[in-house]
Each structure stands twice: as C-alpha cells, then as structure tokens.
Amino acid sequence: MDKLTIKNLDLYYSEFKALKNINLNIQEKEITAFIGPSGCGKTVMLRMIAGFESPDAGTIKIGGVMQSSPADKIMVPPDERSLGVVFQDYAVWPHMTVKENVIYPLKMQKVEKGEAERRTQEAIKNVNLTGLEDRLPSQLSGGQQQRVAIARALALRPDILFFDEPTSALDPELTGEVLKVIRDLAEEKMTMVIVTHEMAFARAVAD
C-alpha cells in the first residue's frame, strides 16, 4: 500500500522553480531518505508534505487521501495530516520536563488523560529515556534532547515520521544515540522519511 504519493509536484519562488515535476511513491513500513547538499530542496519537500508550504502544482496523498492539490483548492493543515516531524534543532520547550514536552501535543489534541499518559510513557520508553521524565532540557545532552523530540512525535501515533537533518546539530559521538532509535523504529516497521546530507547516515538507516 502506498503511504505517500506525490505526483507532478512543482514549487516556485518568484521566477525560480525550486522543485520541478517531482513524482514519488513511498510504501507502508518503508524508510526513505532525501539526500543532497544544502539548498537542493530536501527540507522544502518535507515542508510541503507536512503542510507547512503549499505547492504551485501537483498533488500529495497520504494513505490515499488527498492532502494538497492547488488545482482542486485542497490544502489540509499540518495538524490534520497525521504526520510527526522531528526538526534538526530539537525544538523542545526549555521550561518543560521530558514528560511535559512529550505529552503537550496530546493535551492540545484533547486526548483522554489516561490514554495520553500511557502513550507518553510508551514513547519515552521507545527512545530509551525512562527515568529521565522529570529532567529539563538543560539537564540533557544534545542526543537526549533529540530523543525527546522523537518521543513527542511518536506519541502522536503518526502515519509517517519525518526527520529533518536529525544528526546535523549533534557531536559525532551523540549521532549514534539517534541512529539507534531510528533503527529500533525501523524494526517496528514504522514508515519514515529522513532528510539528510550525510550519505553514510542514509546508508545506515534507509531502504
């Protein structure tokens, strides 16, 4: 089954065509990497799939459901696309503990309290942060903060999990922490898209 289908996607910035006639099918449980140098359009692609930017032409479907189609005036907002996005700069809230960071989006979605607690603990366990629930980001390493961001995305139970340069802000010795989490998620057959300029990292995780 196609989890993500992109057809004839174009994006312009004024007269500059940033992306031209992109076609892509990603299957369920597949791990796909977008690889290339800075400025080639990797993150722009992710932002369009996630709904943060609108294409100028073409269509985006997730699970067979139309998400973006300029011709049909369809643009589903990001919070209705069942996607989880992990940004390269962690984007964790500094005044919230690990647990508070992970559970916050579930509260915003008004998930029942008991269910939200269960999903939060499950996500924290999945990224190997059990026992650190009450720590603030300032008390964590960069790798641990990135794992908090991954747990927060996982708790939403997304159809697809996106990573935008997940190791670019980390020291080399911390990259292994994030790599292990992604490999563990791969074993659980999660559909993932990873944006990276690091060929070795892509080879290590992508199908």
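This section walks through the nonpolar cores, the largest pocket, the aromatic pairs and two backbone angles of a predicted model.

We may begin with the interior. The largest nonpolar core holds 35 residues, and the members that touch the most others are Ile150, Leu154, Leu161, Phe163, Ile182, Leu185 and Met192. Helices and strands both feed this core: at least two residues each come from the helices α2 (98-108), α3 (113-126), α4 (142-155), α5 (172-187) and α6 (199-205), and likewise from the strands β8 (160-164) and β9 (192-196). Helix α4 provides the largest share, with 7 residues. Leu161 gives a helpful close-up of the packing. Leaving aside residues up to four places away in sequence, Leu161 is in contact with Gly84, Val86, Ala153, Leu154, Leu185, Met190, Thr191, Met192 and Val193. Separate from this assembly is a second core of 21 residues, among them Ile6, Leu83, Val85 and Val195.

Attention now turns to open space. The largest pocket encloses about 490 Å³. Its lining is made up of 19 residues, of which Asp79, Leu83, Gly84, Pro105 and Leu156 are the closest to the pocket centre. Strand β7 (83-86) and the helices α2 and α4 are the elements that contribute two or more residues to this lining, and β7 gives the largest share, 3 residues. In chemical terms, the lining comprises 12 nonpolar, 3 polar and 4 charged residues. Some names recur between these descriptions: Leu83 belongs to the second core and is also among the residues closest to the pocket centre, while Gly84, another of those central lining residues, is a contact of Leu161.

The aromatic side chains offer another view of how the chain is held together. Across the whole structure, 2 aromatic pairs are found. In one of them, the ring centres of Phe52 and Phe87 are 6.4 Å apart and the planes meet at 40°, so this pair counts as tilted. Because Phe52 sits in the loop between α1 (42-50) and β4 (57-62) and Phe87 in the loop between β7 and α2, the pair ties together parts that are 35 residues apart in sequence. Phe52 is partly exposed, at a relative accessible area of 36%, and Phe87 is partly exposed as well, at 29%.

The other pair joins Trp93 and Tyr104, whose ring centres are 4.8 Å apart; with the planes at 65°, the arrangement is edge-to-face. Here the partners are 11 residues apart, Trp93 lying in the loop between β7 and α2 and Tyr104 in helix α2 itself. Trp93 has a relative accessible area of 30% and is partly exposed; Tyr104 is also partly exposed, with a relative accessibility of 30%.

Finally, two backbone angles deserve a look. Most residues other than glycine have a negative phi. Ser14 is not a glycine, yet its phi is positive, at about 55°. Ser14 is located in the loop between β1 (2-13) and β2 (16-27), and this residue is exposed, with a relative accessible area of 72%. Lys73 also has a positive phi of about 55° without being a glycine. The loop that carries Lys73 runs between β5 (65-69) and β6 (74-75), and Lys73 is exposed, at a relative accessible area of 78%.

Technical notes
Residues numbered from 1 in each chain as written. Predicted model: local features only at pLDDT ≥ 70, side-chain atom pairs only at ≥ 80, totals over all residues. Heavy atoms only, no water. Helix = DSSP H or I, 4+ residues; strand = E, 2+ residues; numbered from the N terminus. Buried < 20%, exposed > 50% of the residue type's maximum accessible area, 1.4 Å probe, protein only. Core = buried A, V, L, I, M, F, W, Y, C linked by side-chain atoms within 4.5 Å. Contact = heavy atoms within 4.5 Å. 1 Å grid on protein atoms, 1.4 Å probe; cavity = no way out; pocket = protein on both sides within 12 Å on 5 of 7 lines; lining within 4 Å. Points joined across faces, edges and corners; volume = space filled by probe spheres on them. Nonpolar A, V, L, I, M, F, W, Y, C, P; charged D, E, K, R; others polar. Phe/Tyr/Trp six-rings, centres within 6.5 Å; stacked < 30°, edge-to-face > 60°.
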